[in-house]
Amino acid sequence: MDKLVFKTLADFGMDYTIVEHPPALTTEEADCYIEGFEGVRTKSMFLTNKKKTAFYLLIMDDNKQLDMDRFRDLLGANRIRMAASDSQMQKMHLPAGVVSVFGLLHNGARDIQVYFDKEILSEPILTFHPNVNTKTIFVKTEDVLHFVEEIGFSATIVDLG
């Protein structure tokens, strides 16, 4: 699954660093394997509305707690919650615990709205799972934003406080 991520990054001329590690289902687990490396440890949350008619990918610092009420207010939406694993599999072809910005490669309908917390965008490097939980990829922040746009999405910057 991660081969498409690396091929796409190479096609776009984007540099990255990879750290391989045992499977990590949480950001805390993954962080243990990448101590000493520069980069914001991100968490990517796949969210949906109650009727499952709108989907959101929110990327933020993994040390930050999401204020769901604030995020709902920023979107002007209500009843947003974590999407079920079956929705994640349907929309991004990813199992629970592996969601990342690179899952957008599998969203042919381009119907996921992408949000970045502005706090992380001032940092030079962001980290993600490259669609597998046995690796962590370090990518320049501007390259991540470029990647999102190049594959047909637009990134919205939000202030999560």
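This passage walks through strand β3 and its partners, then a charged surface patch and one residue of β4.

The model is a predicted one. Strand β3, covering residues 55–61, is mostly tucked away: seven of its seven residues are buried. On one side, β3 pairs with strand β2 (residues 40–49) through seven bridges, and these two strands run antiparallel. Joining β3 to strand β5 (residues 112–117) takes five bridges, and here the strands run parallel. I59 turns up in both pairings: its bridge partner in β2 is S44, while in β5 it stands opposite F116. As a residue of β3, I59 also belongs to the buried set.

The hairpin made by β2 and β3 has five residues between the strands, and K52 adopts a positive phi there, near 60°. K52 also shows up on the surface, as part of a positive patch that it shares with K50, K51, R79 and R81. Of these patch members, R79 lies in the loop between α3 (68–75) and β4 (80–82). R79 counts as exposed because its relative accessibility is 52%, and the cut-off for that class is over 50%.

Strand β4 itself holds M82. This residue has a relative accessible area of 47%, so M82 is classed as partly exposed rather than exposed, which would take over 50%. Further along the chain, 66 residues from M82, comes V148; the C-alpha atoms of the two are 21 Å apart.

Conventions. Residues are numbered from 1 along each chain as its sequence is written. This is a predicted model: local features need pLDDT of at least 70, side-chain atom pairs count only at pLDDT 80 or more; totals for chains, interfaces and linings use all residues. Side-chain values use heavy atoms; hydrogens and water are left out. Patches are made of residues with over 30% relative accessible area and no salt bridge: like charges are joined within 9 Å, nonpolar side chains (Val, Leu, Ile, Met, Phe, Trp, Tyr) within 5 Å. Accessible areas come from the Shrake-Rupley method with a 1.4 Å probe; for residues, only the protein chains shown count as cover. A salt bridge is a side-chain nitrogen of Lys or Arg within 4 Å of a carboxyl oxygen of Asp or Glu. Lys and Arg count as positive and Asp and Glu as negative; His and the chain ends are not counted. The place of a charge is taken as NZ of Lys, CZ of Arg, CG of Asp or CD of Glu. Helices (H or I, at least four residues) and strands (E, at least two) are DSSP runs, numbered from the N terminus. Buried means under 20% relative accessible area, exposed over 50%, partly exposed in between (1.4 Å probe, protein chains only). Two strands pair if DSSP finds at least two bridges between them.
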